[in-house]
Amino acid sequence: MITVALSKGKLLEPAIRLFRLAGLTNGGVSLDSRRLVFPCEPLGMTLLIVRPSDVPTYVEYGAADVGVVGKDMLLEQDRDVYEPLDLGFGGCRISVAALRGQELRDRLSSKVRVATKYPNITERYFNQKGIPVEIIKLYGSIELAPLVGLADRIVDLVSSGETLKAHDLVEVDVIAQSTARLIVNRASLKMKHERVTDLIARLKAQRPAAAQPPVKQRGSGQGVPL
């Protein structure tokens, strides 16, 4: 059996579509379901639906052989996993942002206060710039921090930039680009080499189709075919 950890949230639907196009799943899964385990026994595969931040952990420790996760999580966590494939969907960027009119201002006499859910990425970035930094770890609504005086800067994922504009924030710099990546447990790559390499090849062949937006279907929309 091959166990695959998929990320909840915006990467889940395109990941399911990619696996379906590659002929790696059967049956069905509801995006609103509380189920977290979906066996595909005829194909010798089990899907796990987990939090994005947990996918690298599941794969590194062998609870999953393969995972789909954003590059942002890999940069933040620096897990010991093999990363063979950029899946090409879920594109966004990790950016530094500030209130409009303050984007050129850095306090050189004291630490710059930065709110983020990416403390490791943030620390590396500001250290490389030689700027002293005080990091405030937040788990959501990062864009509020400069508005209420909690932070001078934020580091967050940006897609269209509309959320930043809505809060009068502007991008100061782009730290890295992020897309969904396929990751593999290093032991699984050796022990299940044939199965894993076949999975990689199938996904690679279907990447362009999976990157296209889904076609809306009539009905409740509660299920996505696997």
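This tour moves through a predicted model, stop by stop, with a selection to make at each one.

**The nonpolar core**

Begin by selecting Leu-6 and Leu-199, which touch the most other members of the largest nonpolar core, a set of 29 residues. To see where this core draws its residues from, colour strand 1 (2–7), helix 1 (12–21), strand 3 (37–40), strand 4 (45–50), strand 5 (66–70), strand 12 (180–184) and helix 8 (193–210), each of which supplies at least two of them. Helix 1 gives the largest share, 5 residues. Staying with Leu-6 and setting aside residues up to four places away in sequence, display the side chains that Leu-6 touches, among them Leu-12, Ala-15, Ile-16 and Phe-19, and also Leu-47, Leu-48, Ile-49 and Val-50. Val-55 and Val-68 are further residues touched by Leu-6. As background, nonpolar side chains in soluble globular proteins tend to be buried together.

**Ser-188 and Tyr-61**

Select next Ser-188, which sits in helix 7 (residues 186–191) and is buried, its relative accessible area being 7%. Its side chain makes a polar contact of 2.6 Å with the side chain of Asp-65. Beyond the neighbours within four places in sequence, Ser-188 is in contact with Asp-65, His-193 and Val-196.

Then move to Tyr-61, in the loop between helix 2 (55–60) and strand 5. With a relative accessible area of 64%, Tyr-61 counts as exposed, because that value lies over the 50% cut-off. Even so, Tyr-61 is in contact with Arg-79 and Asn-185, leaving aside its neighbours within four places in sequence. If you draw a distance between the C-alpha atoms of Tyr-61 and Asn-185, you will find 7.5 Å, although the two residues are 124 places apart along the chain.

**The five-stranded sheet**

Now display the open sheet of 5 strands, whose order is 9-8-10-7-11 and whose pairing is mixed. Strand 9 and strand 11 form its edges, each pairing on one side only, and neighbouring strands are turned against each other by 25° on average, direction ignored. Within the sheet, strand 7 and strand 10 run antiparallel and are joined by 5 bridges; to find a point of reference, select Val-96, which stands opposite Val-155 in strand 10.

**Helix 4 on the sheet**

Keep the sheet visible and add helix 4, which packs on it, touching strand 7, strand 8, strand 9, strand 10 and strand 11, with a direction that makes about 170° with that of strand 9. Which residues of helix 4 (residues 119–129) are buried? Select Ile-121, Thr-122, Tyr-125 and Phe-126, which are the buried ones to inspect; they lie on the same side of helix 4, because they cover an arc of only 115° around the axis. What covers these buried residues includes helix 3 (71–77), together with strands such as strand 7 (92–99) and strand 8 (112–116). Just after helix 4, Gly-130 adopts a positive phi of about 70°.

**Two loop residues with positive phi**

Finish with two residues whose backbone deserves a look, bearing in mind that most residues other than glycine have a negative phi. Ser-141, in the loop between strand 9 and helix 5 (144–147), has a positive phi of about 55° although it is not a glycine; this residue is partly exposed, with a relative accessible area of 44%. Asp-168, in the loop between helix 6 (162–166) and strand 11, likewise has a positive phi, near 60°, and is partly exposed at a relative accessible area of 40%.

Key:
Residues are numbered from 1 along each chain as its sequence is written. This is a predicted model: local features need pLDDT of at least 70, side-chain atom pairs count only at pLDDT 80 or more; totals for chains, interfaces and linings use all residues. Side-chain values use heavy atoms; hydrogens and water are left out. A nonpolar core is a set of buried Ala, Val, Leu, Ile, Met, Phe, Trp, Tyr and Cys residues joined through side-chain atoms within 4.5 Å. Buried means under 20% relative accessible area, exposed over 50%, partly exposed in between (1.4 Å probe, protein chains only). Helices (H or I, at least four residues) and strands (E, at least two) are DSSP runs, numbered from the N terminus. Contact means heavy atoms within 4.5 Å. The arc is that of the directions from the helix axis to the C-beta atoms. A polar contact is a pair of N or O atoms within 3.5 Å; within protein, one must be able to donate a hydrogen and the other to accept it, and residues adjacent in sequence count only if both atoms are side-chain atoms. Two strands pair if DSSP finds at least two bridges between them. Axes are lines fitted to C-alpha atoms, for helices over the stretch in contact, and angles run from 0 to 180 degrees between N-to-C directions.
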